[in-house]
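Subject: Structure for you to look at

Dear colleague,

I am passing on the structure we spoke of, and below it I set out what was found in it. Please read the notes with the model open beside them.

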Amino acid sequence: MGKVVMYSSVSVDGFVADENDQPGPLFDWLSNGDVPLDESGEMKVSQTSYDYTRPYWDQIGVTIVGRHVFDLTDGWDGKPPGGIDHVVVVSHRPMPEGWDPEAPFHFVDGVEAAVAKAQELAGDRMVEVAAGDVGGQVLAAGLIDEVRMDVVPVVFGSGKRYFGSVHAQHLLEDPDVVIQGNRVLHLRYRVRR
């Protein structure tokens with residue numbers, strides 16, 4: 001089975017969005033370079049960020065998100081973002097009325113069930129867990145192997161926390177990747193077991 005990785009862009013003070021669920025400048029690094037990150041050509045990053053990010057994205061088979069993110073994005077119109085094969089949505093509610101049952105979105109109740117479903121779908125590819133409340137719950141359940149963050153030089157002061165509402169201490173190894181891109185610092189930590 002592939003690794004389970006918690007990931008997001010994050011402010012220096014640890015937020016993935018402001019109080020109004022807006023990312024502000026957190027994704028500016030995805031458009032401040034000259035190397036296309038995907039086939040659309042809309043995202044352009046520095047060569048350094050491309051060399052780190054593209055291979056990571058290519059390993060992802062499934063992304064796990066919470067219902068809140070699903071609702072905010074209108075389920076990406078039934079097409080998983082970034083070329084991902086499947087999205088697992090953690091929700092206590094069923095799929096929305098009129099939702100296409102053929103869309104590669106899977107609604108499950110609870111983070112343990114979400115990780116199990118995602119690993120089944122991903123096979124030996126990576127399972128990405130969106131940072132925030134769901135990511136923090138998966139970390140607290142001991143199911144995260146690695147934490148990746150793209151730290152952007154901005155201070156929000158308040159908002160949606162990268163680790164959600166995790167209240168217990170969790171030890172990470174020293175970062176084994178530290179890469180400076182253009183207005184972003186890419187970090188990777190293995191979770192200490």
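Helices and strands here are DSSP runs, helices being H or I runs of at least four residues and strands E runs of at least two, and they are numbered from the N terminus. With that in hand, P80 can be placed in the loop between α2 and β6. Please keep in mind throughout that this is a predicted model.

I begin with that loop. P80 is buried, because its relative accessible area is 16% and buried means under 20%. Leaving out residues up to four places away in sequence, P80 touches D85, H86, V87, P104 and F105. Q119, by contrast, is 39 residues from P80 in sequence, and the two C-alpha atoms are 16 Å apart in space. The loop between α2 (67-72) and β6 (86-90) also holds D77, which is exposed, with a relative accessible area of 65%.

The backbone at D77 deserves a look as well, since its phi is positive, at about 55°, although D77 is not a glycine. Most residues other than glycine have a negative phi. A second case is D21, where phi is near 65°, again a positive value in a residue other than glycine; D21 lies in the loop between β2 (15-17) and β3 (35-36).

Next comes strand β9. Seven of the seven residues of β9 (residues 146-152) are buried, so the strand is largely enclosed by the rest of the structure. E146, R148, D150 and V152 point one way from β9, while V147, M149 and V151 point the other way, and all of them are buried. In a regular strand the side chains alternate between the two faces of the sheet. As for its pairing, β9 runs parallel to β1 (residues 4-11), to which seven bridges join it, and in this pairing M6 has V147 of β9 as its bridge partner. β9 is also joined by six bridges to β12 (residues 185-190), in an antiparallel arrangement, where R148 has R188 of β12 as its bridge partner.

Turning to the nonpolar interior, the largest nonpolar core has 28 residues, of which I64, V129, I144, M149 and Y162 touch the most other members. The elements that give two or more residues to this core are β1, β5, β6, α3 (111-122), β8, α4, β9 and β12, and α3 gives the most, with five residues. I144, when its neighbours within four places in sequence are left aside, is in contact with V4, M6, V129, G135, V138, L139, V191 and R193. Apart from this core lies another, of 15 residues, among them W29, L37, I84 and V152.

Last is the largest pocket, which has a volume of about 1400 Å³. It is lined by 43 residues, and those closest to its centre are S8, V65, V69, W76 and A130. The elements that give two or more residues to the lining are β1, β2, β5 (60-66), α2, β8 (126-130), α4 (133-140) and β10 (160-161). By class, the lining has 21 nonpolar, 15 polar and seven charged residues.

With best wishes

Notes:
Residues numbered from 1 in each chain as written. Predicted model: local features only at pLDDT ≥ 70, side-chain atom pairs only at ≥ 80, totals over all residues. Heavy atoms only, no water. Buried < 20%, exposed > 50% of the residue type's maximum accessible area, 1.4 Å probe, protein only. Pairing = 2+ DSSP bridges. Contact = heavy atoms within 4.5 Å. 1 Å grid on protein atoms, 1.4 Å probe; cavity = no way out; pocket = protein on both sides within 12 Å on 5 of 7 lines; lining within 4 Å. Points joined across faces, edges and corners; volume = space filled by probe spheres on them. Nonpolar A, V, L, I, M, F, W, Y, C, P; charged D, E, K, R; others polar. Core = buried A, V, L, I, M, F, W, Y, C linked by side-chain atoms within 4.5 Å.
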